Amino acid sequence: MRATPTAVSVLAALLLLTACSDTGDDGKRESTACSLDEVSVEVGPASAAPAAGDTGEVPVGLTNRGATCTLEGFPEVRLAGPGGSALDLPPTEGATAQKLTLAEGDSASFGITYVRGPRGDGAFDAETLRVVLPGDPGTSSFRWSYGPVASDGEGGHQASVSAYQQAGD
């Protein structure tokens with residue numbers, strides 16, 4: 001059976017299309033994930049828990065200063081304490097992650113909810129808040145001045161992080 005010139009052209013075009021990819025020159029997939037190199041991070045002002053047993057909210061704002069990028073999943077938030085101790089904050093129960101696209105100048109936010117604990121009694125004595133964006137190895141660090149985080153009585157602590165939300169108009 002003989003192939004017609006049209007069929008050969010179509011087959012050649014299909015082969016060319018399947019050979020294309022979204023990789024850079026180094027063979028790695030190019031990422032559109034937001035990077036701390038181009039996203040500014042601001043913490044607060046917080047609605048701090050004034051006493052043990054009270055709940056506090058710490059807002060974290062992000063503003064893209066570079067090319068369009070995406071935030072997908074949940075922010076990685078860690079509280080660091082004395083002697084290298086650390087507490088990774090889980091997503092808020094029932095929160096659903098969403099994918100946000102931020103053009104240059106666009107903003108997003110997320111919140112940290114915590115219950116203040118008494119010093120000792122299993123509370124985590126946080127000193128530093130560390131924020132990592134999904135897909136970016138960089139870390140932004142801020143002083144934690146909101147008191148110890150209460151124990152949940154089951155080996156964990158009463159703190160969580162919300163999903164990203166678009167900010168602004």
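This passage describes the predicted model of a protein, from its overall make-up to its disulfide and one buried asparagine.

The structure is a predicted model, in which local features require a pLDDT of at least 70 and side-chain atom pairs count only at pLDDT 80 or more, whereas totals for chains, interfaces and linings use all residues. Residues are numbered from 1 along each chain as its sequence is written, and side-chain values rest on heavy atoms, with hydrogens and water left out.

The average pLDDT (the predictor's confidence in each residue, from 0 to 100) is 83 for the protein, and 81% of the residues score at least 70. Over residues 1–29 the pLDDT stays under 50, and for this stretch the model has eight contacts (heavy atoms within 4.5 Å) beyond four places in sequence. The protein contains one helix and eleven strands, these elements being DSSP runs numbered from the N terminus (helices H or I, at least four residues; strands E, at least two). Along the sequence they follow the pattern α-β-β-β-β-β-β-β-β-β-β-β. Of the contacts with a separation of 6 or more, 74% are between residues 24 or more positions apart. Buried residues (under 20% relative accessible area, with exposed over 50% and partly exposed in between; 1.4 Å probe, protein chains only) make up 33% of the 169 residues. The accessible surface, from the Shrake-Rupley method with a 1.4 Å probe and, for residues, only the protein chains shown counted as cover, comes to about 10,100 Å², of which 50% belongs to carbon and sulfur atoms.

A search of the whole structure for disulfides (pairs of cysteine sulfur atoms within 2.5 Å) finds one, which joins Cys-34 to Cys-69 with an S to S distance of 2.1 Å. The pair links distant parts of the chain, 35 residues apart, with Cys-34 in the loop between helix 1 (5–19) and strand 1 (39–43) and Cys-69 in strand 3 (residues 69–71). The torsion about the S-S bond of Cys-34 and Cys-69 is about 85°, so the disulfide is right-handed. Both Cys-34 and Cys-69 are buried.

Cys-69 is also among the residues touched by Asn-64, which is placed in strand 2 (residues 55–64) and is buried, with a relative accessible area of 2%. When residues up to four places away in sequence are not counted, Asn-64 touches Glu-38, Val-39, Cys-69, Leu-102, Ala-103, Glu-104, Gly-105 and Asp-106. In addition, a polar atom of the Asn-64 side chain lies 2.9 Å from the backbone nitrogen of Gly-66.

Methods: A polar contact is a pair of N or O atoms within 3.5 Å; within protein, one must be able to donate a hydrogen and the other to accept it, and residues adjacent in sequence count only if both atoms are side-chain atoms.
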